[in-house]
Amino acid sequence: MFTKNEGPLDRGIRAVVGALALIAGFTMLSGVWQIVAGVVGLVLLATAAIGICPLYSVLGINTCPVKPAERR
């Protein structure tokens with residue numbers, strides 16, 4: 001369905017920023033900002049885990065160094 005479009009550096013940055021957003025949401029923030037940080041953190045961690053960013057697909061961005069195999 002979707003091909004991977006995130007490279008290892010991109011995935012690592014997403015994982016770190018996502019974890020920091022979750023930590024900030026649970027420890028330093030409250031109210032609406034806590035919810036926003038939690039959602040952003042979960043989305044970043046999920047996209048880092050699967051290697052696919054739907055927004056990248058829409059914008060035509062691909063940071064993955066391995067090109068997908070062509071279908072016959």
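I started with the face of helix 1 that is turned away from its buried side; the exposed residues there are Pro8, Leu9, Val16, Leu20, Phe26 and Thr27. I note that this is a predicted model.

Next I looked up the buried residues of helix 1. They are Asp10, Arg14, Gly18, Ala21, Leu22, Ala24 and Gly25. Seen down the helix axis, these buried residues lie within an arc of 160°, so I put them down as lining one face of helix 1. I then asked what covers them: the cover includes helix 2 and helix 3 (54-59).

I checked the length of helix 1, which runs over residues 8-27. With 20 residues at 1.5 Å a residue, helix 1 should span 28 Å, and I find 29 Å between its end C-alpha atoms, which agrees.

I took one buried residue by itself, Asp10, which is in helix 1. Its relative accessible area is 14%. Because the cut-off for buried is under 20%, I enter Asp10 as buried. I left aside neighbours within four places in sequence and looked up its contacts: Asp10 touches Tyr56 and Thr63.

Last, I turned to the surface. I found a nonpolar patch of about 620 Å², made by Met28, Leu29, Val32, Trp33, Val36 and Val40. One of these residues, Val40, is in helix 2, residues 32-50. I asked how Val40 ranks for exposure: its relative accessible area is 39%, and I enter Val40 as partly exposed. The reason is that partly exposed lies between the buried limit of 20% and the exposed limit of 50%.

Key: Residues are numbered from 1 along each chain as its sequence is written. This is a predicted model: local features need pLDDT of at least 70, side-chain atom pairs count only at pLDDT 80 or more; totals for chains, interfaces and linings use all residues. Side-chain values use heavy atoms; hydrogens and water are left out. Patches are made of residues with over 30% relative accessible area and no salt bridge: like charges are joined within 9 Å, nonpolar side chains (Val, Leu, Ile, Met, Phe, Trp, Tyr) within 5 Å. Accessible areas come from the Shrake-Rupley method with a 1.4 Å probe; for residues, only the protein chains shown count as cover. A salt bridge is a side-chain nitrogen of Lys or Arg within 4 Å of a carboxyl oxygen of Asp or Glu. Helices (H or I, at least four residues) and strands (E, at least two) are DSSP runs, numbered from the N terminus. Buried means under 20% relative accessible area, exposed over 50%, partly exposed in between (1.4 Å probe, protein chains only). The expected span of a helix is 1.5 Å times one less than its number of residues. The arc is that of the directions from the helix axis to the C-beta atoms. Contact means heavy atoms within 4.5 Å.
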